[in-house]
Amino acid sequence: MNETEIKKDFPIFKAQSRDGAPFTFLDSAATSQMPQVVIDSMLEFYSTYKANVHSGIYSIGVRAVEAYEGARRKVAMFLGAHSNEVIFTSGTTASLNMLARMLEVRISAGDEIMVSAMEHHSNFIPWQELAKRTGAVFTVLPLEKDGTLSAGTIRAMAGPRTKIIAVTHVSHATGSVNDVREISSIARGVGAFFVLDAAQSAPHMPIDVQKIDCDFLAFSGQKMLGPTGIGILYGKEKHLREIAPAVFGGGMIREVRTDSSTWADMPQKFEAGTPHVAGAIGLGAAISYIEVIGRAELMAHERNLADMARCALTNMPGIHVYGPHNEHETAGIVSFTVEGMHAHDVAEILSRENIAVRAGHHCALPLMNHFGISGTIRASFYLYNTEKDVERLLTGVKKAQGIFHA
Amino acid sequence: MHNMEDELYKENVLHHYRNPRNKYALAGADIVGKDTNALCGDEITIYAHVNGDKVITTMSFMGDGCAISQAASSLLTEYATGKRMEEIQKMTQKDMERLLGISLSMVRARCALLPIQAFQHIIMHTHREYHA
C-alpha cells in the first residue's frame, strides 16, 4: 500500500496545505475525506442523470434506479449480506434511532436492554429512551480499568430478560475492539437481539455479518470515504420481513386505503421518502475504492500508525494514553491527555501547525466518567495517513507542552 | 502560518490560566450562577456578593476548563468588582475579547463567554439582593 500516492487521490490535502506545511488530517473517526472518484460519481449523477428513484419511467429515472440499487448491491457484498437486508438511512444515528422505534413493539415492561459504557451517545440514548417508553430495564455494562469491555461481564449480566444487546464493534474514543463473535453467541444464548454499531469498524476492517451473526448492524458512509448524509442499517432477512417500519410516506407502501395501509417488501418498506440517491452512489464508489486496496491491508496500515503514535506518546513525559495498549486489541485510534492542558488548547495549537485532531468528550460521556476525565485528544488514522503525519503530531504535542509550560 | 504564542495564548491569558484569581467557592454568596459549554462539557460556577445597589463587591469562580474559559473567568472576577450586576450580565463577545486582549473564533468565543453565561443562569440567590 502506497499511502503517499493514495493521498494524491484526495483533493483536500492539496487544498488545505498551507505555507509549505502539509495538511495532517487525524480526525477520520469523525469524518473521513473523499477521493476524487467518489466526488466525481456524485457530480456525474447531479450533472447528467439526477432523477428520483421512485417510478421514473424516463431514461434517466431508470438510470438513477440502477445506480441506486447497484450501490445497495455493493453494500450487501461489502457486508456479506443480501441486498434486501440493506436499508439506506442518513447515517448511523438515524439507523439506530429508527431501529429502536422498529423494535419497540417487541419490548415489554421488565425486559432488559443492554448497552456498554463505551458507547457513542447515538448507540446509548436511543436505547435509554426506548427503555423509558416501554418500562424496560436499561443496563449499562461496566468496563475494565483500561476502558475495554469484557465478554465475561456480558455473559455474567445477560439473562432471560435481556432482549437487546447493543454494543459498538470498535470504540470511537479509544480504538478498543470488542469480541463481537463472543457477544453474538451470548446474545444468541439468552435470546436477545444483537445490535452492532459498526461506524468505526466497517470503514477499516473486513466485516461479515454471517460470521459475526449480528441481528442488526449500522454504519455511516461519511466515515468511509463517502459523503455525509448516507448510512446503512443492515438487518437479518427473517427480522426485517416481520418487523413493521417506523417511518411512513411515499415509496414504502403496497396499498393505501382510507382505513389502513400495507407496506412494500423489504427493504423499500423502511425507506420512506426520496432517499439520498447521490449519497448512495457516492458510498458505492467509496466501497469500490476501498475494495481495490482491501480492508485487511487498511487495518494493518492504520494499526501500525496508531501503534507508532501510542508507543511514542506513552514514553513522553506529561502524556497519558487511554485504552488498551496492545496493538491487536485496538483499531487505528489513539486517545490521550496532556498534563496541565485542556484538550481543546492542545487541539488549537495543533491546528495552527495544520494538524487536525479531535478534542473533547467525543460524545462518550459515560466513558469519560469511567476514566474520570472531561475529555481527551484523539488522533484517528486512515489509509491516507503516513508515518510523517505521526511525526508531525508528536512534534506538535511537544510544541504545545512548550507553550504551556514555558 | 499563524504563530500561536503571538495570538490566542498570549502571556496574559496563560498567566491567568496558570494562576487563576478568585478561584474558590465564595462562602455566603448572594448569587450563584452556573453554566455548561455544551460543546466540551466544561462547567463554570460564578459566586458573587452583591450589595443593596446590586453592585458586585466580590466575585469568585469554580470549575475546570480550557485556558480561554479559565482566563476569562479569572479576569472577569477582577473586572466585575465594583460594577453593577446587570452590566456584567450584559457583556458581549467584544467586551470579553477586550478583557482577554485577543480576538476569538466562533468556536472559542463560547469558552470565553462561559463565565458570563454562568452569571446569567442564576441557580441560587438571597432575598436580600433581589428585594433590597
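## A tour of chains A and B

Begin by selecting β6 of chain A, where both faces are covered: Phe193(A), Val195(A) and Asp197(A) on one side, and Phe194(A) and Leu196(A) on the other, are all buried. Here a residue is called buried if 20 or more other C-beta atoms lie within 10 Å of its own, exposed if 12 or fewer, and partly exposed in between, with C-beta atoms placed from the backbone. The strand is mostly covered, five of its five residues being buried. Helices (H or I, at least four residues) and strands (E, at least two) are DSSP runs, numbered from the N terminus.

The model is predicted: local features need pLDDT of at least 70 and side-chain atom pairs count only at pLDDT 80 or more, whereas totals for chains, interfaces and linings use all residues. Residues are numbered from 1 along each chain as its sequence is written, while chains are lettered from A and ligands numbered from 1 in the order in which they are written.

**The neighbours of β6(A).** Select β5(A), residues 162–168, which pairs with β6(A) in the parallel sense over five bridges; two strands pair if DSSP finds at least two bridges between them. Ile165(A) stands opposite Phe194(A) in β6(A). Add helix α8(A), residues 180–190, to see a right-handed β-α-β unit made by β5(A), α8(A) and β6(A). Such a crossover is right-handed if, with the strands pointing away from the viewer, the path from the first strand over the helix to the second runs clockwise. Next, show β7(A), which runs parallel to β6(A) and is joined to it by three bridges. Asp197(A) of β6(A) faces Ala218(A) in β7(A) as its opposite residue.

**The whole sheet.** Widen the selection to seven strands of chain A, which form an open, mixed sheet in the order β2-β8-β7-β6-β5-β3-β4. The edge strands are β2 (86–89) and β4 (137–141) of chain A, each pairing on one side only. On average, neighbouring strands are turned by 20° against each other, direction ignored. At the β4(A) end, β3(A), residues 112–116, runs parallel to β4(A) and is joined to it by five bridges; Met114(A) stands opposite Thr139(A).

Now display helix α5(A), residues 92–102, which lies across β2, β6, β7 and β8 of chain A and runs at about 35° to β8(A). Axes are lines fitted to C-alpha atoms, for helices over the stretch in contact, and angles run from 0 to 180 degrees between N-to-C directions. Two residues are in contact if their C-beta atoms, placed from the backbone, lie within 7 Å.

**Strand β15(A).** Move to residues 376–380 of chain A, where five of five residues are buried. Thr376(A), Arg378(A) and Ser380(A) are buried on one side, and Ile377(A) and Ala379(A) on the other. Strand β12(A), residues 333–338, runs antiparallel to β15(A) with four bridges, and Ile333(A) has Ser380(A) as its bridge partner. Strand β14(A), residues 358–360, is also antiparallel to β15(A), with three bridges; there Gly360(A) is partnered by Thr376(A).

**A helix pair in chain B.** Finally, select α2(B), residues 67–80, and α5(B), residues 106–120, which pack at an angle of about 35° with their axes 7 Å apart. Residues in the contact include Ala72(B) and Leu76(B) of α2(B) and Cys111(B) and Leu114(B) of α5(B). By class, this contact of α2(B) with α5(B) has seven nonpolar, two polar and one charged residues. Ala, Val, Leu, Ile, Met, Phe, Trp, Tyr, Cys and Pro count as nonpolar, Asp, Glu, Lys and Arg as charged, and the others, Gly among them, as polar.
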